[in-house]
Amino acid sequence: MSSSAEAVSLKRTPLYSLHRELGAKLIDFGGWEMPVQYQGILEEHRAVRERAGIFDVSHMGELELTGPSSLDSLQKLTPNDVGKLSDGRCHYSAFLTERGTFVDDLLVYRRSADSYLLVVNASNTPKDFAWAKERAGGAKVENRSDDYALLAVQGPKAAEITARVCASDPSDLPYYGFREIAVLGTPAIVSRTGYTGEDGFELYLSPDSAEKVFRALLEAGKPEGIQPCGLGARDTLRLEAKMALYGNDIDDTITPWEADLGWIVKMKKGDFVGRDALERQKAQGVPRRLVGFEMSDRGIARHGYAAQTEAGAGLVTSGTHSPTLGKPIGLALLPAAAAAVGSEFSVDIRGRQARARVVETPFYKRKKEVSA
Amino acid sequence: MNPEDLHYAASHEWVRVDGEIGTIGISDHAQKELGEIVYLELPEVGHAYNADEEFGTVESVKAVSELFTPVSGEVVEINKAAVAEPGIVNDDPYGDGWLIKVKLSTDEELKKLMTAERYAEYLKEEEKEK
């Protein structure tokens with residue numbers, strides 16, 4: 001069993017002492033001491049699918065791009081079409097290498113025509129900041145990660161609970177819409193986004209208000225049974241929704257075409273870093289595909305396990321027990337010729353060859369409620 | 001706490017001896033460390049092991065751990081209920097959550113295992129080292 005590495009100095013979010021108070025199990029996550037679970041991953045997972053969960057994701061990085069050339073700069077830096085964003089909207093995008101592979105995946109928020117917020121993966125923040133700064137042209141790039149704590153409230157009851165701590169009801173926000181709303185009297189950005197496959201909000205807060213807001217949300221959500229949730233449930237939730245995890249499913253060896261994220265690449269918008277390589281790969285044929293799989297044999301195929309297909313070797317990039325489906329699921333990078341839904345392959349589970357098959361994704365899709 | 005009548009291994013398995021049959025499971029500490037168990041891989045009946053050999057794996061949502069038999073012997077029964085419903089191991093690690101039963105080759109090996117009292121001390125020492 002693993003032992004914790006408390007000797008190394010880990011970064012802590014403003015909610016560290018509250019996590020301890022709530023009895024969280026803390027782990028080293030990319031240099032951050034973060035809660036992996038409070039009550040248990042399965043219970044936390046269920047809370048988000050059925051009711052509501054609250055996550056501390058303050059470790060995420062925030063970069064700010066400002067100035068009149070921000071739009072031009074972001075069009076060069078990212079593959080999605082920033083020109084399509086209006087004020088108060090965000091979209092999923094990436095930084096790509098010249099080879100068309102992922103430097104990171106991220107969200108781009110348009111606050112105004114000359115002010116954008118980029119939300120990046122915690123452990124990539126220094127790399128992303130340097131990368132953007134070097135290529136930003138006239139736009140000013142600042143690392144604002146220390147200025148924001150980030151809470152995610154997720155689940156079918158998230159909207160009504162979040163509304164109780166907001167000065168004005170955020171429920172009218174569309175998916176991937178955001179606005180500045182006072183939360184318990186402190187200015188915050190409230191965004192209808194998340195990493196769970198459920199409806200929900202992410203709250204960008206000043207670090208000194210984070211604990212107060214977290215406690216208030218726990219209190220406000222008591223009638224609905226809100227549950228503090230750790231990174232363990234965050235991982236099973238995002239995997240069921242087939243949302244990629246940098247470092248597992250995507251990294252600087254894989255392109256958006258291969259990762260089934262072609263929808264964030266807008267070839268017609270003009271030039272961007274990585275475009276030429278993506279054009280070449282598209283013309284030559286995409287060699288590998290990231291696919292969802294289920295096991296035909298018993299066992300959980302986990303990150304890094306070797307896969308074998310009729311068309312050659314592959315790799316399991318994520319794998320877990322799906323709490324919603326009650327069975328093992330995963331993502332694998334397979335040769336394109338062996339990646340069609342229904343294709344069978346084998347995974348080496350600690351020396352045993354177990355059969356798996358490619359399935360449709362996402363594994364879980366929330367039921368759309370009839371809007372009032 | 002940990003039952004007095006069991007023998008405990010440093011790798012957090014226990015053995016309950018009843019005549020020539022040893023029942024093997026994992027300790028309460030082990031199940032807590034693992035978190036909710038979602039998958040168990042146990043051997044076939046008839047398989048023989050030497051002490052300290054790996055006989056299976058236990059998986060939580062997050063992690064995989066190997067299971068080591070504290071004693072030598074031939075597997076005479078596996079807990080099929082626990083394979084079907086691994087959460088039993090979390091709920092009742094010393095009772096319904098047992099894993100396998102073996103026909104003991106010798107009772108000499110039991111001497112090398114810890115008493116409940118010694119195991120409790122061992123857990124404290126392990127905690128300090130963290």
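**Sheet, helix packing and nonpolar cores of chain A**

In this predicted model, six strands of chain A form an open sheet in the order β10-β11-β12-β9-β3-β13, and the pairing within it is mixed. The edges are taken by β10 (178-183) and β13 (227-229) of chain A, each of which has a single partner strand, so that one side of each is left without a neighbour in the sheet. Averaged over the sheet and with direction ignored, neighbouring strands are turned by 30 degrees against each other.

Within this arrangement, strand β3 (residues 53-56) and strand β9 (residues 149-154) of chain A run antiparallel and are joined by four bridges; Ile54(A) has Val153(A) in β9(A) as its bridge partner. Helix α2 (residues 41-50) of chain A packs on the sheet, where it touches β3, β9 and β13 of chain A, and the direction of the helix makes about 115 degrees with that of β13(A).

The largest nonpolar core comprises 115 residues, and Val153(A) is among those with the most contacts inside it, together with Leu118(A), Leu151(A), Leu203(A), Leu205(A) and Val213(A). When residues up to four places away in sequence are not counted, Leu118(A) touches Leu63(A), Leu65(A), Leu106(A) and Val108(A). A second, separate core consists of six residues, including Met34(A), Val36(A), Tyr38(A) and Leu231(A).

As to confidence, chain A has a mean pLDDT of 95, with 97% of its residues reaching 70 or more. Over residues 1-6 of chain A, however, the pLDDT is below 50, and this stretch has seven contacts in the model beyond near neighbours in sequence. Where pLDDT is low, the predicted coordinates should not be read in detail.

How values were computed. Residues are numbered from 1 along each chain as its sequence is written. Chains are lettered from A and ligands numbered from 1 in the order in which they are written. This is a predicted model: local features need pLDDT of at least 70, side-chain atom pairs count only at pLDDT 80 or more; totals for chains, interfaces and linings use all residues. A nonpolar core is a set of buried Ala, Val, Leu, Ile, Met, Phe, Trp, Tyr and Cys residues joined through C-beta atoms within 7 Å. A residue is buried if 20 or more other C-beta atoms lie within 10 Å of its own, exposed if 12 or fewer, and partly exposed in between; C-beta atoms are placed from the backbone. Two residues are in contact if their C-beta atoms, placed from the backbone, lie within 7 Å. Two strands pair if DSSP finds at least two bridges between them. Helices (H or I, at least four residues) and strands (E, at least two) are DSSP runs, numbered from the N terminus. Axes are lines fitted to C-alpha atoms, for helices over the stretch in contact, and angles run from 0 to 180 degrees between N-to-C directions. pLDDT is the predictor's confidence in each residue, from 0 to 100.
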